[in-house]
Structure formats: structure tokens, C-alpha cells
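Thanks for coming. I have one structure to go through today, from the overall fold down to a few residues. Please have the viewer open.

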Amino acid sequence: MAAQELKAGTWNIDPAHSVVGFSVRHMMVSKVRGRFEKFEATLTVPEDPTRSSVVATIDAASINTDNADRDNHVRSADFFHVETHPEFSFRSTGLKAKGDEFVLAGDLTIKGVTHPVELALEFNGSTLDPFGLERAGFSATTTISRKQFGVDIELPMDGGGVVVGDKIAIEIDAEFTRQA
């Protein structure tokens, strides 16, 4: 679908119909997947949708990997140190068309450390729901280095390798509603 189908205005993320997820290599042999349960995002779409911008925050303490002990450890100073750094943030800096998809550039901040990132972005379309709300959907992916953002704990394994990999795959499925 073309970006022209996205109407100008302010769009807010619908957390009940969105997922901010990730995966990371565990013990060098598998991946642990998780998600954040609390997040906010606002998408601002001008008349030219290619000039759109997004601002998002994630409650770092809302991590959920379906393992309470692991989640508590990741909240600790060893990883996210949520008492000092309670949220992550993203602020877009540009949007470029790439075929039928887009590249969303922006600044990601984790643990007070900011680096530019690029997300492969797919516009999934827009529609009017049964309640009269305009909805638009997007999928986005990127990979970051956790160490680059100060999440630099090393947990070496006796036989070589590490317990937690450095590369974090981020996967976002976001549904937004247009504000009246």
C-alpha cells in the first residue's frame, strides 16, 4: 500500500494491539524472546507522509521474557538498571522510501546512551474500524549491539562463548489510531 493512504494528523499507538519485542542469543545455542508490556508512541503525519515523525518511550521495567527470575535480573544494575534508567526512548530523524518499504532513521536511547539506528519499516495499511476510528499498522525491525548502549555485562561460559549474546533483534508491530 502506498504511504499516501496514511492521512495527515496525530496518531497514537494502541498498546492493546501492538508489540515491542526482541530476541537475543542465549548460551550460544538458542534465542530468548521477550517483549515490553508498557510503551507509548506518537506518530505525526504532515500532508507529505514521507516527512512523518515518531516519538516513543518504553518502560524498561515492563520487560517480560516469561521468566520472572530472568526479568528481575535484567531490571538490575547488571543490565538495564531501571532504578536509574526507567525508560528507553526513540525519536525519529528521517524517513526514506526503499521500494515498497521504508527506512526509519532515529536516535535510540538506552541506559542514558544515545545512538542512531535505522529500522526497516513496512506500512501495513490503514482502515476505519467499526467504532469510527482510523487505524494504521506498521512493522519495523532492526538489530542493535547491547554493549553499545552500556548493557555490557559479560557472562562467559566455561567451554567458550557467552550466556547472553551482544546482538539484539528488535521487532515491532504497531497499530496507531488517528486523533480527532
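For its 180 residues, the globule rule (2.2 Å times the number of residues to the power 0.38) puts a compact globule near 16 Å in radius of gyration, and the protein, at 17 Å, agrees with that. That radius is taken over C-alpha atoms. The C-alpha trace spans about 55 × 30 × 30 Å along its principal axes.

Before going on, the conditions. This is a predicted model, in which local features need pLDDT of at least 70 and side-chain atom pairs count only at pLDDT 80 or more, while totals for chains, interfaces and linings use all residues. Residues are numbered from 1 along each chain as its sequence is written, and side-chain values use heavy atoms, with hydrogens and water left out.

Now the fold. There are one helix and eleven strands, taken as DSSP runs numbered from the N terminus, with H or I over at least four residues for a helix and E over at least two for a strand. From the N terminus the order is β-β-β-β-β-β-α-β-β-β-β-β.

How much of the protein counts as buried? The figure is 41% of the 180 residues, where buried means under 20% relative accessible area, exposed over 50%, and partly exposed in between, with a 1.4 Å probe and protein chains only. About 10100 Å² is exposed, and carbon and sulfur atoms supply 52% of that; the areas come from the Shrake-Rupley method with a 1.4 Å probe, and for residues only the protein chains shown count as cover.

A contact is heavy atoms within 4.5 Å. Of the contacts between residues at least 6 apart in sequence, 57% join residues at least 24 apart.

Next, the aromatic rings. Phe, Tyr and Trp rings (for Trp the six-membered one) pair if their centres lie within 6.5 Å; planes under 30 degrees apart are stacked, over 60 edge-to-face, and the rest tilted. By this rule there are six aromatic pairs. One of them is Phe22 with Phe36, a tilted pair at 5.6 Å centre to centre and 45° between the planes. Phe22 sits in strand 2 (residues 19-26) and Phe36 in strand 3 (residues 30-36), so the pair ties together parts 14 residues apart in sequence. Both Phe22 and Phe36 are buried. Ring pairs also link Phe22, Phe36, Phe80 and Phe88 into a cluster.

Phe88 leads to Ile110, since Phe88 is among the residues that Ile110 touches, with Ile144, Phe149 and Val151, leaving out residues up to four places away in sequence. Ile110 belongs to strand 8 (residues 101-110) and counts as buried at 8% relative accessibility. Its C-alpha is 32 Å from that of Glu134, 24 residues apart in sequence.

What does Ile13 contact, beyond its neighbours within four places in sequence? The list is Ser18, Phe39, Glu40, Ala41, Ala174, Glu175 and Phe176. Ile13 lies in strand 1 (residues 9-13) and is buried, at 13% relative accessible area. The C-alpha atoms of Ile13 and Gly137 are separated by 9.4 Å, with their positions 124 residues apart along the chain.

Last residue: Thr177, in strand 11 (residues 164-178). Thr177 counts as buried at 12% relative accessibility. With neighbours within four places set aside, Thr177 is in contact with Thr10, Trp11, Asn12, Leu133, Glu134 and Arg135.
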